[in-house]
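Visitor: Please take one part of this structure and look at it closely, following how it is built and what it touches. I would like a single connected account rather than a list.

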Amino acid sequence: MNSKTLLLGAAAAFMLSPVAAMAERGSSGHLNIIYWQAPSTLNPYLSGGTKEVESASLVLESFARFDDTGTMVPWLAADIPTVENGGVSEDLTQITWTIADGITWSDGTPLTAADAVFTWEYCTHPEGGCAQASYFDGVDSVVAVDDMTVQINFNAPKPFPYTAFVGSESPIIQAAQFAECLGARAPECTDANFGPIGTGPFVVTDFRPNDVIEFEANQNFRYPDRPYFATVTFKGGGDAAAAARSVLETGEFDYAWNLQIDPTILAQMEAQGNGTVVTAFGTSVERLHLNQTNPDPALGDLRSTVEGGPHPFLTDPIIGQAMSMAIDRALLVEVGYGAGGQPTCNVLPAPELYASTANDDCLVQDIAGANALLDEAGYVDTDGDGIREANGMPLSVLYQTSTNAVRQDTQALVKQWWSEIGIDAELRNIDASVFFGGDPASPDTFQKFYADVEMYTNNFAGVDPEAYMANWRCSEIPGPDTQWQGSNIQRFCMEEYDALVDEMATTADLQERGRLAREMNDMIIQSYSIIPLIHRGGVSAHANSLEGIRMSDWDSELWNIMDWRRAE
Amino acid sequence: MLTYTIRRLLLAIPTLLFISFIIFLIVKLSPSDPTAGLPLTIPPEVREQIRESLGVNQPVFVQYFRWLQLMVWNEPLHLIEGWTGWNVAPESTTRIISYQTRSPVMDLIMQRMPQTLWVVGISYIVGIIIALPIGIISAYRQYSWFDQLGTFISMLGFSVPTFFTGVLFIVIFAVNLGWFPSVYDTTHVVTDWDSFIVQLKQIIMPVMVLGLFNASQISRFMRASMLDNLNQDYVRTARAKGLTEKVVVLVHVLRNSLIPVVTVIALNVPAVFGGAIITEQVFKVNGIGQLLIIAIQSGDVPTVQTVSFIFAVLIVLFNLIADVLYGVLDPRIRYD
């Protein structure tokens with residue numbers, strides 16, 4: 001970090017909080033954090049779970065991170081490389097990071113470019129099973145130009161090169177500590193996996209897998225006055241309601257993560273006045289996928305495949321539009337999500353640059369309009385059973401999702417609204433570990449999609465939607481030939497869409513990328529193969545005595561823990 | 001007696017092998033995937049690589065025999081090495097590795113055993129201490145108000161699940177009264193009187209929740225067994241001899257009534273090691289039960305398999321102990 005940025009940072013900290021500028025390292029004492037899912041390891045490359053990534057983010061850091069607005073900020077790097085400042089090559093195949101001055105590991109040795117090179121080797125080792133390997137996709141080589149300069153070469157132009165070593169999911173690990181842990185030997189390094197040496201504000205003093213972690217302030221941390229907390233207890237286990245209770249009601253803990261519980265109960269707990277509920281919105285959207293292929297069991301092996309033919313009626317956008325219009329998203333938020341949700345009409349709701357406004361009509365429920373639309377299109381109830389028919393086939397759908405109280409409430413409400421427009425829904429819920437398990441032998445996975453409609457949440461990590469939007473290419477449709485792997489779950493296929501994906505892969509200009517992403521979003525939404533419902537945010541709670549929290553859904557929630565402090 | 005014990009021990013080996021295989025098949029054939037809990041942002045190719053590196057894709061029988069070999073050979077060697085310091089385990093001996101933590105499963109079990117023994121063990125002892133007097137008095141004063149009350153409470157303790165009583169206790173004693181912590185601090189070390197009080201405070205709720213449940217069960221056995229004996233001829237003889245009621249009940253009747261109760265208590269001891277899945281989860285005690293449930297949820301086959309197998313060993317073992325104990329307590333029973 002050069003002196004100018006350091007000064008700016010110090011000045012900013014001073015302006016934000018006069019108290020903080022005067023506080024010193026460790027002056028706030030002890031911090032208690034509870035995550036109701038307990039971390040299993042502190043090596044985020046061995047487990048891609050949020051709990052492991054976020055707990056490790058106290059120790060391990062990367063070149064750049066995303067702040068609470070989704071803006072990239074230099075962290076271990078001196079600045080963000082761009083084409084303008086020469087950090088990214090003109091042909092977009094190379095990015096060069098410069099490590100900021102004076103950064104040491106917690107054991108006192110300096111952080112060098114060799115550590116970054118090693119991290120790349122560690123995660124891309126073919127036998128390692130690295131959970132974050134996708135961050136190194138397209139990376140041809142990582143080269144240490146000198147001790148402070150890391151050059152990443154891509155094997156094709158990469159318009160958004162900020163993947164490797166950016167954000168909490170691809171941090172830099174110490175080469176000296178993990179040197180013997182490459183590939184198949186990774187599990188042998190239990191001590192390193194449970195107590196990685198990092199550059200972050202804290203060091204691990206005790207790690208008990210699936211239970212508790214004890215941290216203390218890193219005495220070699222680059223900011224002499226931070227972190228303000230001297231020690232941290234990171235407890236795991238229990239359930240979301242108990243975690244909320246321990247912060248908001250009993251005050252035993254200072255910070256609780258991921259409190260997806262009944263919003264009325266959470267509001268009652270907050271009303272006790274011990275703590276505050278905070279939310280941050282990233283890119284998670286709870287959505288309905290409308291199967292574009294035919295899931296009829298009579299088709300046998302061809303069920304829900306392109307070869308099995310199109311869906312008898314869900315490929316008509318009119319029906320999808322009516323189903324979307326019938327839903328009162330605001331009520332769904334009120335019932336199931338509270339502060340942790342906002343109605344949305346886009347599958348790509350954020351960052352702002354990429355968020356389309358073309359579909360906002362869906363925010364208002366319009367059952368009469370939906371009925372009129374279906375009547376006009378000729379989908380009428382001919383046999384008087386209250387269900388409309390399309391070419392003699394009743395508009396009756398199987399609507400599946402994972403087992404989860406909020407999702408079952410949503411299902412019940414949506415079923416009711418659809419019945420008001422003459423569409424019948426049969427509800428089904430499947431245990432989350434099976435539904436999301438991806439076992440090609442199971443008929444109940446979300447990829448197989450042996451149903452007409454299914455509901456779940458998806459998102460993308462980081463701030464760039466290119467890879468996410470590429471999910472819906474024709475070639476991504478799951479089927480038996482790919483062991484049912486593929487991300488185009490609703491089996492949407494449109495040549496124009498694929499062309500836009502290809503165009504985005506070669507476009508570097510940010511505004512232009514924004515326009516392309518919005519156009520793709522609108523194309524999917526207007527095909528009504530995806531009906532977005534709720535833009536979901538992370539919900540956490542902190543004690544009122546805790547200051548400095550800037551919750552972010554773009555990075556680890558604990559990304560700025562070095563600035564957290566106890567109010568005077 | 002010795003031949004009987006040896007015969008039973010030898011018979012236990014095929015039993016345990018069979019049990020371990022059945023457990024393995026159940027765990028393996030159930031639809032679970034170690035990568036299911038990962039965020040959807042992790043693409044399928046990466047998931048496949050993770051599964052590959054964990055060895056999930058190997059043939060089922062290969063996985064089973066590999067586990068068996070590690071369980072009966074490598075792990076005991078490590079255990080011996082850990083206890084004695086002898087260098088018996090080969091340098092690069094592989095061990096049973098958990099999918100979640102990528103660390104040896106045995107270390108996880110060893111780390112969690114003390115908490116389970118403390119919490120569940122104490123609750124078992126507390127349960128016995130409460131249950132025996134209640135059972136004795138209830139039987140001696142059958143249909144009195146004390147008996148009715150005892151029956152009512154044990155029915156309550158027996159039928160109300162611990163996930164309800166646990167949360168109820170937390171709401172009353174931790175949230176409303178603020179007497180005890182709702183989260184068990186597993187890093188707490190008892191060094192002096194004050195820290196002992198802290199430990200007492202945090203252990204009391206889980207112990208009472210489980211103790212209530214155990215006491216209800218044992219007190220019913222005690223009562224029934226006492227009632228059987230109170231009407232026996234030898235009791236009338238004892239009274240006719242002019243012995244005091246105290247001696248009649250506490251020496252003659254109690255001793256004879258304890259035989260079935262001791263068997264029940266002995267047979268339930270493996271459950272102490274097994275921990276209390278729900279109670280440990282409710283109070284966030286990092287015991288064996290919590291280890292098992294988290295492992296099941298995340299498809300961690302080696303951990304589930306190893307923990308269940310250890311339970312199986314303990315159950316077979318304590319069944320044998322109970323049988324042998326029977327012969328010791330009651331000279332009429334001989335196995336030879």
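**From a loop to an interface**

Guide: P227(A) sits in the loop that runs between β8 (212-217) and β9 (229-236) of chain A, and the peptide bond leading into this proline from R226(A) is cis, with omega near -5 degrees. The model is a predicted one, and the local geometry described here should be read with that in mind. Most peptide bonds are trans, and most residues other than glycine have a negative phi. A second cis bond in chain A joins A350(A) and P351(A), where omega is about -5 degrees; P351(A) belongs to the loop between β12 (341-343) and α11 (367-376) of chain A. In another loop of chain A, the one between β10 (255-256) and α8 (263-270), lies N258(A), and its phi is near 50 degrees, a positive value in a residue that is not glycine.

Chain B has a comparable backbone feature, which leads to the part that deserves the longest look. R102(B), although not a glycine, has a positive phi of about 55 degrees, and this arginine is located in the loop between α3 and α4 of chain B. R102(B) also matters for the account of the contact between the two chains, in which 41 residues of chain B meet 48 residues of chain A. Together, chain B and chain A bury about 3700 Å², of which 55% is on carbon and sulfur atoms. Of the area that chain B buries against chain A, 18% is supplied by L40(B), R102(B) and K284(B), more than by any other three residues.

How many salt bridges does the rule find across the interface of chain B and chain A? The number is zero, whereas the count of residue pairs in polar contact between chain B and chain A, both at pLDDT 80 or more, is 11. On the chain B side of this contact, α2 (44-54), α4 (105-140), α6 (162-176) and α11 (288-297) each supply at least two residues. Among the elements of that side, α2(B) gives the most, with eight residues. By residue class, the side of chain B that touches chain A divides into 21 nonpolar, 13 polar and seven charged residues.

Within chain B itself, the assignment gives domain 1 (2-84) and domain 2 (106-329), whose C-alpha centres lie 30 Å apart. The two parts of chain B touch through 20 residues of domain 1 and 19 residues of domain 2, and between them they bury about 1700 Å², with 78% of it on carbon and sulfur atoms. Across this interface the rule finds one salt bridge. In chain B, D323(B) forms a salt bridge with R8(B), the closest N and O atoms being 2.6 Å apart. Between domain 1 and domain 2 of chain B there are also four residue pairs in polar contact, both at pLDDT 80 or more. The side of domain 1 that touches domain 2 draws at least two residues each from α1 (2-29) and α3 (60-84) of chain B, and α1(B) gives the most to that side, with 12 residues. That side of domain 1 divides into 13 nonpolar, three polar and four charged residues.

The UniProt record, an unreviewed entry, lists residues 9-27, 116-140, 152-176, 196-216, 258-278 and 309-329 of chain B as "transmembrane region". For two of these spans the model gives the following picture. Residues 116-140 of chain B are 100% helix and 0% strand, with end C-alpha atoms 35 Å apart, while residues 309-329 of chain B are likewise 100% helix and 0% strand, with end C-alpha atoms 30 Å apart.

Over all chains, the structure holds 30 salt bridges. Side chains of opposite charge can pair when their charged atoms come close. One example lies in chain A, where R515(A) forms a salt bridge with E519(A), the closest N and O atoms being 2.7 Å apart. Because these two residues are four apart in helix α16 (residues 510-527) of chain A, R515(A) and E519(A) are separated by about one helical turn.

Conventions
Residues are numbered from 1 along each chain as its sequence is written. Chains are lettered from A and ligands numbered from 1 in the order in which they are written. This is a predicted model: local features need pLDDT of at least 70, side-chain atom pairs count only at pLDDT 80 or more; totals for chains, interfaces and linings use all residues. Side-chain values use heavy atoms; hydrogens and water are left out. Contact means heavy atoms within 4.5 Å. Buried area is the accessible area (1.4 Å probe) that two parts lose on being put together, summed over both. A salt bridge is a side-chain nitrogen of Lys or Arg within 4 Å of a carboxyl oxygen of Asp or Glu. A polar contact is a pair of N or O atoms within 3.5 Å; within protein, one must be able to donate a hydrogen and the other to accept it, and residues adjacent in sequence count only if both atoms are side-chain atoms. Ala, Val, Leu, Ile, Met, Phe, Trp, Tyr, Cys and Pro count as nonpolar, Asp, Glu, Lys and Arg as charged, and the others, Gly among them, as polar. UniProt positions are given in the numbering used here, feature names are shortened, and annotations may be inferred rather than shown by experiment. Domain bounds come from an automatic or database domain assignment.
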